[in-house]
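Biologist: I have a chain open on my screen and would like a close look at one side chain in it. Could you walk me through its surroundings?

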Amino acid sequence: MRIKPLDRRTLLRGAGAALALPLLGAMGTKAGGASVAPPKRLVLYFTANGLVPEAWKCNVPGAEASDFTLSKILAPLAPIRDKCLFIEGVPMSSAYHPQQTAVAHAGGMSSLFTGSYAGMGNMYGGFAENTAGYPLNESIDAALARAVGQDNRFPAYYFGVRVEGPSLLHCCFYAGKDQPITANADPKAVLSDLFGAAFNQSQSEAAQRVRDRTSILDAVRESGSALRCRLDAADRGRLDLHLSLVEEVQKSVAAVTGTNPVCALPSLAGGLQPNEFSQFPQLGRAQADLLAMALTCDLTRVAGYYWSPPIADPVYTWLGHTEGHHTMSHDVTKLDLCADVNAWHAQELLYLANKLSSIPEGDGTVLDNTLIVWASDCSNSKLGDPHDLKDVFFTLIGGGNFFKQGRYLKYPGGPDYAHNRLLLALFQYMGIDQKTFGQPEYCEKGPLTGLTG
């Protein structure tokens, strides 16, 4: 007897909660037997206060190389270098537009994901005091969310570790002109957003729920047991891994809040505090776990991951630092310490990539169907410019075989290679033929060539 294929939106239900499933083979056919491809996803991964060129660039003599030694900053990505594409020579030209009102970090924030520049306004970050406004364009995440995310629970979702704002200096994601997006920096609140009202309970309600059903996860497992008989061995393995990852998310968030957020709405007393600089490592990984689960459950296909705003000056004490990152970025004698910060963020990026690559999906993994783009608001050169917006860098991770991975690319720089063209290539990856994005004058040559081999 032929078993009816599962709907892609099938949920596991129990104890008042509903949990989306990963892509299973039983969902893998359309009418007529055609294969259903896993969805493509995009994660924009932002770290603040710039990258150090002398510690980011690799020693590559020509325009392209696949056999090269990773630099100090990129070395943590060695385990996944065959899934990475490292790009230099693609400046944020729109940040130098003649009508740009923002400068330094604010100029980079205005341009990075919008391909545009800041208009007139009354915010800090302008060439003159309090003269900068928001950028004139939405960011690429918002455009993609509108194009590919309308069938998901969240067309786009934004995970933060330390957030401030909204203001020009504190935002790099925009829903539209004058519509800044602030990421959610509270893992407990993120979990509530992602998995619904079942997590918003008082302590007494939670206690009753615990007494009645042990945990929501146990009840959902019962639903999963009923589903198992409809699955083959490979799908049963994917389902079991999926539920174990849910349990990992519960544990990581419990470490932040001091109790189990699935069963209660806990206070943060005795636990880690959202937005707390000293707890970046724990908060960052909790958010990475939640992001991985959001993508796995197909709750969203477009995500932003925002570590902290420029000038916020976190002290990376776990690296032995005693001064803030932003302060050190203005001291050429301390840029090696800034490179340590950049390398630490590469290590945390590796954690996210490994998490995604550990989750089977279709014939590959979630990372194979997810493109991560790592970028910062500027570069901090030892040549004296702490806010360089021309010698900037992009790292692309994952995304299957669309981009030719395991390479280092050096473009010539200048307006003909403006990063708007890289943004157009991201549209291409997501299956959208976009002719311009941001300032059209920087898009005339179309999507950046050479990325796909």
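To get my bearings, how many helices and strands are there in the protein? Then please zoom in on arginine 421: where is its place, and what is it in contact with?

Modeller: Sure. This is a predicted model, so to speak of local features I need pLDDT of at least 70, and side-chain atom pairs count only at pLDDT 80 or more, while totals for chains, interfaces and linings use all residues. Residues are numbered from 1 along each chain as its sequence is written, and side-chain values use heavy atoms, with hydrogens and water left out.

The protein has 11 helices and 16 strands (DSSP runs, H or I of at least four residues for helices and E of at least two for strands, numbered from the N terminus). Of its 453 residues, 59% count as buried (under 20% relative accessible area; exposed is over 50% and partly exposed in between, with a 1.4 Å probe and protein chains only).

Now your arginine. Arginine 421 sits in helix H11, which covers residues 419-429. Arginine 421 is buried but has no salt bridge (a side-chain nitrogen of Lys or Arg within 4 Å of a carboxyl oxygen of Asp or Glu). The nearest side chain of opposite charge belongs to aspartate 416, 6.8 Å away (Lys and Arg count as positive, Asp and Glu as negative; His and the chain ends are not counted). What the side chain of arginine 421 does reach is the backbone oxygen of lysine 445, at 3.5 Å. Setting aside neighbours within four places in sequence, arginine 421 is in contact with Asp416, Tyr442, Lys445, Gly446, Pro447, Leu448 and Thr449 (contact is heavy atoms within 4.5 Å).

Another arginine makes a handy companion. Arginine 301 is found in the loop between helix H8 (280-296) and strand E11 (302-306). Arginine 301 is buried too, with a relative accessible area of 19%. Its side chain makes a polar contact with the side chain of aspartate 298, at 2.8 Å (N or O atoms within 3.5 Å, one able to donate a hydrogen and the other to accept it within protein; residues adjacent in sequence count only if both atoms are side-chain atoms).

For an uncharged case, try methionine 328 in helix H9 (residues 325-329). Methionine 328 is buried, at 2% relative accessible area. Leaving out residues up to four places away, methionine 328 touches His321, Glu323, Lys334, Leu335, Leu337 and Cys338. The C-alpha atoms of methionine 328 and proline 386 are separated by 9.9 Å, with their positions 58 residues apart along the chain.
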